[in-house]
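Me: Please pick one part of this structure and take a close look at it. Keep the sentences short, and explain each term as you go.

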Amino acid sequence: MVLIEVIGHAMAALAFAGLTGFVIMRRHKLARTLSRNATIAYRSILIVSSVIALIHAYYAVDGIVSGSVPSPADPLYIALHSPALVALSAVLLFLTSVKLIAERSPRPRRILAIGAHPDDLEIACGATLAKMRDAGHNVYAMVLTCGEAGGDPAIRLREAHNGASFLEVNQVEVLNFNDTRLAEQVNDITHAIEARIRTYKPDIILTHSAHDQHQDHFAVHQATLRAARNHSAILCYESPSVTRDFQPTFFVDIDGYLDVKIESVRTHADQRTKSYVSPERVRGVAVFRGGQAKTRYAEGFEVVRAISTAIGDM
């Protein structure tokens, strides 16, 4: 009887220790999979599975050392064998595989998001892109530079792909225009954007704002408007470098996706020393725009033009 109890507790301890390790290794992925309240869910799974593993390990070791079976009146023993714990364990395992997604759109759309640098899209509209993908829309990302002026270009290139992969963007292209000198290349950038518009045939285009003091961002805005001169839906997102003239009139409710956005920004570890990528700053902007939109969290966009058939239920 003692041997069976020891084996049972040892196997349970290993199982929950394995779950703990799985959660730690896949923290980044779980933040995307769980979507809603991802931070709370991650910590709950980690704490509960760790505690249960430790308790089972304690009883396994105690059984070996003392050679006795725990008393049925022992509160910890009762807790470990309660139906509630079994149910909780099942829920924890379920949460590591389930994906909580946005309501599916009855009419999937194609969205082209254009950014000057590798982290621009995650910082400005990462939650919107993730929500659109989960709703069944097709999202294509176009990044004009490798961000060599702000970090190691090889690292930033890799992080651009990692960020897009985390958001589950359908496709991302990182071009090799000269960082900080896009204003000198507006014509070439315009042609590049025109080519992607022909390829992807987007219903909606997301780009930088005209009210942005970063010269590259402003250049991308100009190039986008030229390339999309015959397009019906262009929205401009909010970068950390926008001026006070940035006045969004279109908002996307990102409640449930703020943690996803924060995690997507973290994929750009090369930029982690920048104050505007901190979780507090990202959350603060979402709260502020949410207040303007009369919701909890939001991302704001300026509307260049928008036709209802293109925007729909975005």
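Reply: Start with strand β3, residues 171-174. V172 and V174 make up its covered face. Q171 and E173 make up the uncovered one. Helices (H or I, at least four residues) and strands (E, at least two) are DSSP runs, numbered from the N terminus. This is a predicted model: local features need pLDDT of at least 70, side-chain atom pairs need 80 or more, and totals for chains, interfaces and linings use all residues. Numbering runs from 1 along each chain as its sequence is written, and side-chain values use heavy atoms, without hydrogens or water.

Now find the partner of β3. It pairs with β2 in the parallel sense, over four bridges. (Strands pair if DSSP finds at least two bridges between them.) One of the residues to look at is E173, on the uncovered face. The bridge partner of E173 is M142.

Turn to V172, on the covered face. V172 also helps to line the largest cavity. The structure holds one cavity of 30 Å³ or more. About 70 Å³ of space lies in the largest cavity. A cavity is a set of points on a 1 Å grid over the protein atoms alone where a 1.4 Å probe fits but cannot get out; lining residues have an atom within 4 Å of a point. Points join across faces, edges and corners, and volume is the space filled by probe spheres set on them.

Where does the rest of the lining come from? α6 (120-134), β2 (138-143) and α7 (153-167) each supply at least two residues. Among the lining residues, L121, E122 and L129 fall in the range of α6. A141 and V143 fall in the range of β2. So β2 does two jobs in this picture: it pairs with β3, and it supplies lining residues.

α7 gives the largest share of the lining, four residues. In its range, look for A160, G163, A164 and L167. P118 and V169 are also in the lining.

What is the lining made of? Ten residues are nonpolar, one is polar and one is charged. (Ala, Val, Leu, Ile, Met, Phe, Trp, Tyr, Cys and Pro count as nonpolar, Asp, Glu, Lys and Arg as charged, and the others, Gly among them, as polar.) The charged one is E122. The polar one is G163.

To recap, V172 is on the covered face of β3 and lines the largest cavity. Next to V172 in the chain, E173 is on the uncovered face and has M142 as its bridge partner.

How values were computed: On a 1 Å grid over the protein atoms alone, a cavity is a set of points where a 1.4 Å probe fits but cannot get out, and a pocket is an open set with protein on both sides within 12 Å along at least five of seven lines; lining residues have an atom within 4 Å of a point. Buried means under 20% relative accessible area, exposed over 50%, partly exposed in between (1.4 Å probe, protein chains only).
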